[in-house]
Amino acid sequence: QYNLQATADLQIYSKLQLTPKLVILPFDPNSPQRQQIQFIATGGDGSYTWTTGNSQLLHISQTGLAEIYMENLKYSTSKTSNQGEVLALTSVTVALSRNTKIEKKADVVFIPPEKLEIVSYNFETAVGDYVVVHVAFYAKVNGTLTPYTACDNVHFDLNFSNNQIFNIDVEKVPEKYKKNACRQYFLKASSVGTTNFKVSHRFMDKELSDEVVLVTFDPLNILNPVTNEIVLPIGSSRNVFYHHGPRKVFNIEAELIKKVNYDHQLVDINEVIGEFAEDTKYIYNILCKKVGDQVITLNIFNALSSSAAVPYITKYETKVYCVKPRFLNLYTIEKLKAGCPLKRQNSQLHVRTTNDEMQIEIEVLDAHQRKLQNISSLIIDWHFTQGDGKSHTDQILFSRKSDVDLFDGVPIPKRDYLMTSINEIDVNFKIKGVVTQYDEAVLDHYAIWPEIPHFGIKKTPDSKAATPLIENELNFLSVDKTLLPFSTLSIFLSTNVIKRMRLAQGSGYYDIKASPTGIVEVQFDETSRELVLIPRKIGETRISVLDRCLSTESSILTVSVVSIGRIEIQSPDRVEKTKSIEAIVKLFDTNDNLLTIDYENLAMYHLREDVLDPNLLSLKLGNQVNLNEGEIRYVITGVELGETKIVMSTNLGAGENEGRRVSSAPAPIQV
């Protein structure tokens, strides 16, 4: 008895699968581009052999990539298969390499097109972004419209009603095709507008096409605040302006959808309709209810009834900080000029005005030094101290005000300030502000519960929260707006004459100019804060004094440099022997105005008294009291009987007039 045995290895694999099982392609022998189809086999041991039923029509690699040679298609090859009437037919077969009897086959059929359809597109887009159009191409299979497996080799005509809006980007990496689609186009928006977009294909004498309307807009952006950050204490709000983005479309059945995503516990947001707002502006009021940070997102898009229209949702994010106040800044309204040597950003000089009103700008900051954009929910106490060191809060009128700018009739915060009206202000005074608490009336209006204690902070991790001291103060020096005590000045031209004029406060830094030059030399004595004027020649000049720090206008001083232009004698015409009478000599300047006499320095006028017969009378200076402008008193005493004349003259002795004498008319005197 024999025991005969045989052994063999049996390998069991998963079932061989081939996708796609059916490939439907458009019949287009004139297409210059070859169509490629990637077949995928699964199962078995992973080693496959690929073959084709018509090597002239379809080549396939051993990786399953098939390439269609459309030029080998013939109209005469029309036949009927289980898919219906086709113009060409072939197949792709995949088999296991170790057992070619295990195989799967896929049919590849070429059928003429019946329909073209845009199955997906975003109706609108922003400039710089894309409209993605997905195109489906259909054939009739067993009487049913069936989408082609691929249509990369098909030539489609693309037409815009407005060629200035879109550019076709052929280098964009394709996305996943939408259902039924076999072609996609990336249209990049280059300008704002509306256009019709038509996709068409001509087969034989038949044109297949579909058309949609496309809209472009400028990207959604924020108009105010430009920082795109909202910083508010609880109980305060502000309006936020966005512009551009999607617009309401009136000639298409579309609904403009606007939605803001935010944390309802931290803020309240409501849309504001501006009285004069354009359709490209979106305004929202943001109210802080609880301390915390968040990012709000504005979503805007147009919704169309068409199932092919995919919404293009425009989003814009804005940071909102609901904060506690921590610091207070006070600034004077009088800003220093850019070239001011004081090297301070804000002046603490108060320029006196007619009504003596003063404005102090208010800024409240959080712990991160961010300015609060509305402080209407905060209470600030004010204290005023003048030069005597005592509080004058009860005697000084003041009010806190807010200025706003109007955008399309909607207010946005501009600045907060303190307005005071001080009747008799000292040269030195102090203003102090203290942020004390929330305005409970405001918080009650919005049903907001503040933190307890107000603005509470912990100085150490283990300590209890306490309200911090939030204060600031300004020390002022009050200065006059007008720098010069008067606007005109006359100076007598003489060697030793120098005029000094004290400037009425100011910053101490000035630009001083004379026009024309050469008439007066101008200097500034920093120690005494005086203008020093030295006459050089007869004439008139304008001296401008501009404060280099304060925003005030130049003060103008008109200076006339004069000499003696005319002399008159007023005297009785007779005197008794041994008796005396008064003679008044009047001096007129070169502008024919009475000269202002310096009685302490009469010698500078170079006056000479001439008596025709000095034996008859004597002529001497008298006392110089109770005289009018330009007058000098002389005393005439009779000596001997007779008649004579007196003459007053001067030698100017300076500049152009050197050597020219000015004399009075002779005055007759009888003794």
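Biologist: What makes Phe398 partly exposed in this predicted model?

Modeller: The relative accessible area of Phe398 is 35%, and since buried means under 20% and exposed means over 50%, Phe398 counts as partly exposed.

Biologist: And how do you know whether Phe384 is buried or exposed?

Modeller: Phe384 has a relative accessibility of 1%, and the limit for a buried residue is under 20%, so Phe384 counts as buried.

Biologist: Why is the aromatic pair of Phe384 and Phe398 called tilted?

Modeller: A search of the whole structure finds 13 aromatic pairs, one of them formed by Phe384 and Phe398, with 5.1 Å from centre to centre and 45° between the planes. The centres have to lie within 6.5 Å for a pair, and planes that are neither under 30 degrees nor over 60 degrees apart count as tilted, so the values of 5.1 Å and 45° lead to a tilted pair.

Biologist: What makes this pair a tie between parts of the chain?

Modeller: Phe384 belongs to strand S33 (residues 378-386) and Phe398 to strand S34 (residues 397-407), so the pair ties together parts that are 14 residues apart in sequence.

Biologist: Why is the pair of Phe492 and Tyr605 called edge-to-face?

Modeller: The ring centres of Phe492 and Tyr605 are 4.9 Å apart, with 70° between the planes; because the cut-off for the centres is within 6.5 Å and planes over 60 degrees apart count as edge-to-face, the name follows for this pair. Phe492 lies in strand S38 (residues 488-492) and Tyr605 in the loop between strand S46 (580-589) and strand S47 (607-611), so this pair ties together parts that are 113 residues apart in sequence. Both Phe492 and Tyr605 are buried.

Biologist: How do you know that the charged end of Arg566 sits over the ring of Phe588?

Modeller: The distance from the charged end of Arg566 to the ring centre of Phe588 is 3.8 Å, and the criterion asks for CZ of Arg within 6 Å of the centre and within 35 degrees of the ring normal. Arg415 likewise lies over the face of Tyr417, at 4.1 Å from the ring centre.

Biologist: What makes S22 and S24 the edge strands of their sheet?

Modeller: Four strands form an open sheet of mixed pairing in the order S22-S29-S27-S24, and strand S22 (229-233) and strand S24 (254-261) each pair on one side only. S22 pairs with strand S29 (residues 314-323) in the parallel sense over five bridges, where at least two bridges are needed for a pair.

Note on methods:
Residues numbered from 1 in each chain as written. Predicted model: local features only at pLDDT ≥ 70, side-chain atom pairs only at ≥ 80, totals over all residues. Heavy atoms only, no water. Helix = DSSP H or I, 4+ residues; strand = E, 2+ residues; numbered from the N terminus. Phe/Tyr/Trp six-rings, centres within 6.5 Å; stacked < 30°, edge-to-face > 60°. Buried < 20%, exposed > 50% of the residue type's maximum accessible area, 1.4 Å probe, protein only.
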